[in-house]
Every structure is written in structure tokens, then in C-alpha cells.
Amino acid sequence: MIKFFTTDGKFSFLKVGAQLLVVAALVVGVVAFVGNNKTVTLNVDGKVSSIQTFGGTVDEVVKAAKVELKDADRVSPALDARVDNGSVVNINLAKAVSIELDGARKTVNTTAPDVAGLVSELGVASSSQVSQPKEAALEVTGSFVSISTPKTISVVADGKSTSTTTTAADVATVLKDAGIAVGANDRLSQPGNAPIIQDMVIKVSRVDTSKTAEATEEVPFDSVKTESADLFKGEEKVTQEGVAGSLVKTFKLVLVDGREASRTLVSSNVATPPVAEKISVGTKARPAATPAPAAAAAPVASGPTGAPNEAMWDRIAQCESGGNWAINSGNGYYGGLQFSGPTWLANGGGAYAPTANLATKAQQIEIANRLYAKNGLSDWGCAHAA
């Protein structure tokens, strides 16, 4: 038993009772304080911290931690869920991430905390090539991730075609990975910065510009005409035969995979000069034609109708040429009585004209009488018309 004495030595029960009430209240307050204070683990995008709080719900814990939430943010458990000592609250903040997926740029909204979560959320192959480490954290704004998914392509170079699967972002990277060097003049079927797509065919064409070729062409000769008084007018004589020259052309070649694709003329040289043809052209006047001496009167021969006369020759001409004394039938026979060229000249017709059709009717009858005197009417197929 505790005894309390006053200054005068007297025992005071009233004072002891009041002190006991104060002690009891302090004990109750301490118990209440200890019961409401909690330690909660807060995980914000992988950043873990321990929070001391009196809050009873997730929402109160978040506010106590001074985390500002947006509608797109993801919180687990829900904001109205109760928390106890040792509870874990996970917050995934919404992020606007700029991505380049197989060469196509766009912005995606995600609550994934890191690159690995973003790749999984996009549903691309796990073997895809990613520009950032997969454990790299994503910022609320400003993050950029380039992703190249595996693609099957074909590479054709140096006579070989190879099929391969690659996550390279562009053509140049594919060729580098394959160990294919591309020369300054070589040609690619796709630009080096072209993004890789499924089933793409990349062809490397080897270009060689070091070769040249020569071709020889004929150079035509000229004709030079010179007047000559030794030849009659209308006559020409070749005094020197013309000879064609030769021209050698040199071309720069462009070979693509060993085949000629184009050629460019770089030089042209005359190897053999041409020799001109020389022609003499007559200027001398021809002498006037000397009339043939008058033919002796041919003996009168008797024919089917007696001595030849103009009427008989008219009948024969009508049968031979339709009576056309100026006809050139085109078959080697001329005039009304159809003399051949040699027969006309052999019987003196050249004194009048080169062929019978150019002579007069009277001249033709005169030559016919000469021929008649020799052979009768045997030279005419229309003798029956006489």
C-alpha cells in the first residue's frame, strides 16, 4: 500500500485519486497512438520507400506520401482499400513514350515502369532488338524507345542468294552484319537507310567502271569531179578509185555484275584516212551526125500483093503496132513496123534515129524497103496482112 502524507503529517486520499486518473489517461493515449500508426511500403514505378502513416486507406497513404495521381495512373490495391501495418501499395504512373517500331514512329501511353514492361505490353517478340536496356525505367515524359522485330529477308550478292532472320533496323546494318562490303560505285536495290520489312529482298549489284572498249567504223570517201576536154559532154570516167577509211572509237564501259550496262565515247581517232574518188566529166562537143549516103534503089521484089508500097506497109503496121509509128512497146521492138534495135541499125536506121520509133513514118518505110529487098516479108510476123 502507498501512503501519502500531507505537510502536517496527515494522510490525503483525495490527492492520490486524482493522480491515478491522470496516469490512466496517459496510458490509454499511448496505446491509441501505437495502434493507429502504421508502416506501409510504397512502390512507385519500382522506386520503393517505407511510409509511416496514420491513414486507414490507400488514398490516405498516397496523399500522405504526396504522390499526385492522374486518371490514367494505375494503383493497386484500389484507392478505397484499407491498409494495415506492413501493407504494400503499388503505383504505376501513366507515361507518354515515343517509340519507333520497325521504322514507324508514334507515341504510346503506358503504365509500364520499364522498357521490358513496355515491350511486353506492345506484344512484340521477345527477341526483338531494343534501343534501351530492358531494365531501364520509363520517365513520365521524354522517353524514347526504338524496337526492331525479327524479320526474314533475302540478300543477293556476288552470285549468291542468302535467306536470314534479322532484327537490324535498316539495309546498311543488315549488309554490315552479313560482312558484305559495298563499293562506292556498287548499286543497292534498296537505299541503305531503308527500314527492314518482312520478306524484303536486298540485291547488291557490283559496278565496274575500270574497263574500256574499242570499235572500228568505216569512213566514207568523197567523190571529186573534174572537167575534161578529152571526153564528150555527158561522158564520165573514173580516174581514181575511192577507198573508205577507218575510224577507231574508244568507249568507257560500265559493267554491272560483269555485264555491259552502258558505254560512253571518250575518244575518236582516224586510223586510216579515206581516199577520194576522182571522176573526169566530159566537156567536148559531139560532132554533128553525118547523113548516111542515099541507098541504092533496092530491086523491087515481088511480095504477096506485088511491089511494096505505102499502103502495104500501113496494113502491116496496123497488125504489128496498131498503126502507131511512134510506139515503144517496151519489149525491145520499136515503131510502126516493130524493128528491133539491132535490125534497125544494121539496115542504116541509125542515120535517122537511135531507134525506129524516133524516126518518121517515111524513114521507117525506107528502112523496111531495104530489109524487104534482102529477105522479103520473112522478118514480119504480120506478113499475112500485106
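**Helix packing, sheets and a disulfide**

Helix 5 and helix 7 are roughly perpendicular to each other in this predicted model. The axes of the two helices cross at roughly 95 degrees and come within 11 Å, and the assignment follows because angles of 65 to 115 degrees count as roughly perpendicular. On the side of helix 5, the contact is made by Glu-310, Trp-313 and Asp-314. On the side of helix 7, the residues met are Lys-361, Ile-365, Ala-368, Asn-369 and Tyr-372. By residue class, this contact of helix 5 with helix 7 comprises four nonpolar, one polar and three charged residues.

Helix 5 also carries one end of a covalent link. The count of disulfides comes to one, formed between Cys-319 and Cys-382 with an S to S distance of 2.0 Å. The distance meets the criterion for a disulfide, because the sulfur atoms are required to lie within 2.5 Å. The dihedral about the S-S bond is -65 degrees, and the link of Cys-319 and Cys-382 is left-handed. Cys-319 belongs to helix 5 (residues 310-321), whereas Cys-382 is in the segment after helix 7 (361-375), so the disulfide ties together parts that are 63 residues apart in sequence. The two cysteines fall into separate exposure classes: Cys-319 is partly exposed, with a relative accessible area of 36%, while Cys-382 is buried, at 9%. The class of Cys-382 follows because buried means under 20% relative accessible area.

For the chain as a whole, the secondary structure amounts to seven helices and 21 strands. Of the 386 residues in the chain, 30% are buried. When contacts between residues at least 6 apart in sequence are considered, 51% of them join residues at least 24 apart.

Two of the sheets are described here. One is an open sheet of four strands, with the order 6-5-8-7 and mixed pairing. Its edges are strand 6 (104-110) and strand 7 (129-130), each of which pairs on one side only. Strand 5 (residues 95-101) pairs with strand 6 in the antiparallel sense, and seven bridges are found between them. At one position of this pairing Lys-95 stands opposite Thr-110 in strand 6, and at another Leu-101 stands opposite Ala-104. Strand 5 and strand 6 form a hairpin, with two residues between the strands. Asp-102, in the turn of this hairpin, has a positive phi of about 50 degrees.

The pairing of strand 5 with strand 8 is in the parallel sense and extends over four bridges. Glu-100 has a partner in each of these two pairings: Arg-105 is its bridge partner in strand 6, and Ser-146 in strand 8 stands opposite Glu-100. Helix 3 (residues 115-122) lies across strand 5, strand 6, strand 7 and strand 8 (144-148). The direction of helix 3 is at about 105 degrees to strand 6.

The other sheet is open, has three strands in the order 15-19-16, and also shows mixed pairing. Strand 15 (223-232) and strand 16 (236-240) each have a single partner strand, so these edge strands are left with one side lacking a neighbour in the sheet. Neighbouring strands of this sheet are turned against each other by 35 degrees on average, direction ignored. Strand 15 runs parallel to strand 19 (residues 277-284), and seven bridges join the two. Within this pair Ser-223 stands opposite Glu-277 in strand 19.

A loop residue was also examined. Thr-57 is placed in the loop between strand 2 (47-53) and helix 2 (58-64). Its relative accessible area is 18%, and Thr-57 is therefore buried. With neighbours within four places in sequence left aside, the residues in contact with Thr-57 are Leu-79, Asp-80, Ala-81, Arg-82 and Val-83.

Key:
Residues are numbered from 1 along each chain as its sequence is written. This is a predicted model: local features need pLDDT of at least 70, side-chain atom pairs count only at pLDDT 80 or more; totals for chains, interfaces and linings use all residues. Side-chain values use heavy atoms; hydrogens and water are left out. Buried means under 20% relative accessible area, exposed over 50%, partly exposed in between (1.4 Å probe, protein chains only). Two strands pair if DSSP finds at least two bridges between them. Contact means heavy atoms within 4.5 Å. Axes are lines fitted to C-alpha atoms, for helices over the stretch in contact, and angles run from 0 to 180 degrees between N-to-C directions. Angles under 35 degrees count as roughly parallel, over 145 as roughly antiparallel, 65 to 115 as roughly perpendicular and the rest as oblique. Ala, Val, Leu, Ile, Met, Phe, Trp, Tyr, Cys and Pro count as nonpolar, Asp, Glu, Lys and Arg as charged, and the others, Gly among them, as polar.
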